[in-house]
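Hi,

Here is the structure I promised to pass on to you. Have a look at it, and then read my notes underneath.

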Amino acid sequence: MRDVAVIAFAQSLVGHDREHNEVELISPVVQAAVSQSGIARHDIGFTVSGSCDYLSGGPFTFVQGLDAVGAWPPIKESHVEMDAAWALYEAWVAIQVGDVDSALIYGFGKSSTTDVHEVFSLQNDPYYVAPLWPSTIDMAALQACAALHAGVTTERDIAEFSAACHRAARSNPHAIAAADVSADEVLAAPMTHPPLRDADIAPITDGAVAVVIAAAAVARSVCDRPAWIRGIEHRIEPQALGVRDLTASASTRAAAEAAGVGDAPVEVAEIHAQFGHEGPLLARALGLGADTVVNPSGGPLGANPLMSAGLIRIGEVAERIWDGGVGRGVAHATQGPCLQQNLVCVLEGEGS
Amino acid sequence: MLVESHVLEYPGGYTRSVGPIVGRFLTGLRDAEIVGARASDGRVIVPPLEYDPTTAEPIGEFVDVGPGGAVTAWTWVAEPRPTKSPLDDPFAFALVLLDGADTPMLHAVDVDGPDAMSVGMRVEPRWRAERVGSIRDIAAFVPEGSAGPTPESPAPTTEEREPVTGIVSPVRLEYEINAGVAQTKYLRGLAEGKVIGQRAKDSDQVYVPPRGTDPTTGVLTEIDVEVADSGTVTTFCVVNVPGLSELAPEIPYVCAQILLDGGNTPWFGLVQGIEADDVHMGMRVKAVWADELEASAASIKWFEPTGEADAPYESYREYA
Amino acid sequence: MAPKLSAVIGVGQTRHVTARHDVSMAGLVREAARQALDDAGMDWSDIDAVVVGKAPDTFEGVIMPELYLADALGAAGKPMLRVHTAGSVGGSTAIVAAKLVMAGIHERVLAVAFEKQSESNATWGLTVAMPFQAPLVAGAGGYFAPLIRAYMARSGAPRHIGHLVAVKDRRAALRNPNAHLHLADIDLKMVEESFLLWDPLRYLDVCPSSDGAMAMVIGSESVADAAPGPPAWIHGTAMRSEPTMFAGRDQVNPQAGRDCAADVYAQAGITNPRQDFDCAEVYVPFSWYEPMWLENLGFCPEGDGWKLTEAGATAPDGDIPWNPSGGVLSSNPIGASGMIRFGEAAQQVRERAGDYQVKLQTGRALGQAYGGGSQFFSMWVVANHKPD
């Protein structure tokens, strides 16, 4: 396998954006990431994006995203109807094939345009589940209930995780749900979607993200301390909630093992936990130890631009490696009801 | 900023054929019965999946399950969604493990409040009086013993005794879409009877209508350029398909690409005021504005011929 | 670093029809996938990864239906990807699947593309009116018909050329049991008298709306060498995109299509497509796109595409048959159509095309798909022999 590194990462200042359309959201982020990469736009070999037509309210809406990336002269380009973390996976594969040495990956979505928790109810089995319209919060809450009842986590564990994410978000200029809140304060609040509390639920967020990855020779020529992708794996589980163990996230565990998470200590982990209980659950599935700093960015509980949040996890770990502070980190991305599909990426600095 | 409400809905709902396995389950529901199917590892899966989650092989034989069962997980829906949620008043969603089943199914539980819910509580289905072969034939689960007698479906016609082969799924989603900076400028321009295009800083290519960027570079188009409301038809077609749009004129009508004077991208619009057969490439046209202008694309109703001599092919060849 | 060799070793598809009332979405994709596995002599457990492609989810009203389809496609516990590149998606999906093998990441990948568009309606799905756009909707044909007119003006092509393609492809489809349209009586007069939809496109110049699925198993060199049936070796793959609209864009003969073709031809050593291929399966949803793509893909000089069509060069008994399967004009499950082109090209070089098999001389075929506003292109070259 070729060595590939993350060398640039930019995300928009997120929130409820009533001013820009998707293209205007993406353009500055792509410009910033390309500029940061040190590679000329037309020397970037491949472009892949991740988005969801349903966030824009119509078919083919991903096409407009192309207007933001300068696809002229024509470019090698693809798109996945998935979180942009999987777009990065497709780009990584393209570099492994060998005909490109670098790639631009971007994700985008404006969740504030609609009731996303209702809209994404349409991800469910169209015959048995979708006609009942359980929202994504309802589904997550069922998983949280199962996890609590099985004893794999506790209300306090969940509150500790959520509170820590909101506190960490204070140092993240892109976060919108930062708060100096303690676990006790979280526990004192009502369960609005039992057993979940509002602090356990990611905020509605608009945003875009762009990342540049490159093969070793290019990465070393433009980046002092590339964040090397040492392992990147993803797995999917059957969708029906009844046929899988909702307390264990088997696909995360399998992806983590295949990616070699446990091969060495993990200093930092960015987990795509959109609900408080997912934090402890995923940390267990990833095999993280007590020494790992989890979601120093605040994670999705601080800011959750759909279709971008998974890729942002990869960018946040990479950024901490470039800064020199971190030698080895893990990024996780998820999609589908109740953590149905998961991607795990192990990143390391040089000499790690 | 300009914001518009948008509804995404396929009129009448999606018509989904269900196949024999899902069909058997739904037919059972219509008869107030619940079946599961046996997987290769012996588990009885409810509702029956068509394909074994472990082996991917077709699922095994059907097994009667329920009607009672136990809640294995639950949550509370304090704000039901009108016309969507299974119940109008606050209710619980739960995973219910029916007697004889090895996997729980998701459904609603109708109780007064979250205090009435607990993992392990026994429940049974309350059947809808009119059952059609849908997961909603179960109105909700209720505490065991409180469902009352199963309502008889109205006397079945011969047609109704046929196995269920399909369901209809209404899907209506609402959005608030904002126009974005570039389009807002352009639409506000229309409200003043002007056509405002945009170009990027280091380019002289004027985009009209502007969509936010110069797509060749991806850079935001930040410089406004007013263009004329007249131009040249670069190409067109005669539409003879009725009913494509509520706002379409009578067929046949002409949809054209029009290069506005001062602009560098074709504008898609109607051409009227001339027999469809007489429309031709190179024809000079001018916008016909609505009587009342507003910040909307409807401010320009259509384009009509000006009567000028045709533009020479070379002047628009690059655009056609 | 040279990509590893990969090959198509199994192909399966459904009989494409207006509406499948007898299966769920899972049942639809299973048919194609099971056929492809059987063709490859494999079972679900042999597959390392699954790549699914389809067009907008608004057609079926299920967001990311591949998630619900995971167990139907034997993907539980495996990596699964979902590609969406508009109309070209079936082709891009095949390419993404091939790349997983070319990169040495997997040995056996299942690629599936489908659409069950009868659950809504293709015309509705393609023309959902979005806010702030011009209030007029002209339909998909209304977008492409003006470009066809521009082509006719540039090339001087006579008006009946499109109708020749409409007849040719439907007659070819009569020999393809999977094709949707089997119009036994079709002739030029029938097309010329069919309802004029978007001048110059008549009803019979336009593709049908179909439910259908296509699947392929792509294997590594060692897997393909051991496969029960003949492999279609993948000699080149390419994708190119350009923006929907920009100042000076050539919408009729898009640069992205030309660049994509040049790339895949260079990989596969193609210098004269008309001679170097035995046939081509090309995405022609409106009849006039055959002459337009003949030029875009370099089968003839610019302006001459209609002459090739008129001369019968692209007929099944011509020197360069185009769409011997009947093409998109005969079957169009939108998300699957691109993969059907890629798969039918593979079937030709594997000599598995039954009654619509073309005679092989070079043993090479081209698969092409396009999408969006003629802006997304995916192509591959397959052959019955390994590259030199």
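How many bridges join strand 3 of chain B to strand 4 of chain B? Two do, and the strands, the first of them covering residues 34-38, run antiparallel. (Helices, H or I of at least four residues, and strands, E of at least two, are DSSP runs numbered from the N terminus; two strands pair if DSSP finds at least two bridges between them.)

Before you go further: this is a predicted model, where local features need pLDDT of at least 70 and side-chain atom pairs count only at pLDDT 80 or more, while totals for chains, interfaces and linings use all residues. Residues are numbered from 1 along each chain as its sequence is written, and chains are lettered from A and ligands numbered from 1 in the order in which they are written.

Back to that sheet. It is an open one of three strands in chain B, in the order 4-3-5, with antiparallel pairing. Strand 4 (44-45) and strand 5 (62-65) of chain B are the edge strands, each pairing on one side only. Helix 1 (residues 19-30) of chain B packs on the sheet and touches strands 3 and 5 of chain B. The helix direction makes about 155 degrees with that of strand 3 of chain B (axes are lines fitted to C-alpha atoms, for helices over the stretch in contact, and angles run from 0 to 180 degrees between N-to-C directions). Across the strands, B:A37 stands opposite B:I45 in strand 4 of chain B.

Next, look at B:M105 in strand 8 of chain B. B:M105 is buried because 28 other C-beta atoms lie within 10 Å (20 or more means buried, 12 or fewer exposed, in between partly exposed, with C-beta atoms placed from the backbone). Leaving aside neighbours within four places in sequence, B:M105 is in contact with B:V46, B:P47, B:V96, B:L98 and, over in chain A, A:G242 (contact: C-beta atoms, placed from the backbone, within 7 Å).

That brings us to the chain contacts. Between chains B and A, 58 residues come from chain B and 45 from chain A. The chain B side divides into 35 nonpolar, 16 polar and seven charged residues (Ala, Val, Leu, Ile, Met, Phe, Trp, Tyr, Cys and Pro count as nonpolar, Asp, Glu, Lys and Arg as charged, the others, Gly among them, as polar). Chain C touches chain A too, with 48 residues of chain C in contact with 47 of chain A. Helix 3 of chain C gives the largest share of the chain C side, five residues.

Cheers

Methods
Contact = placed C-beta atoms within 7 Å.
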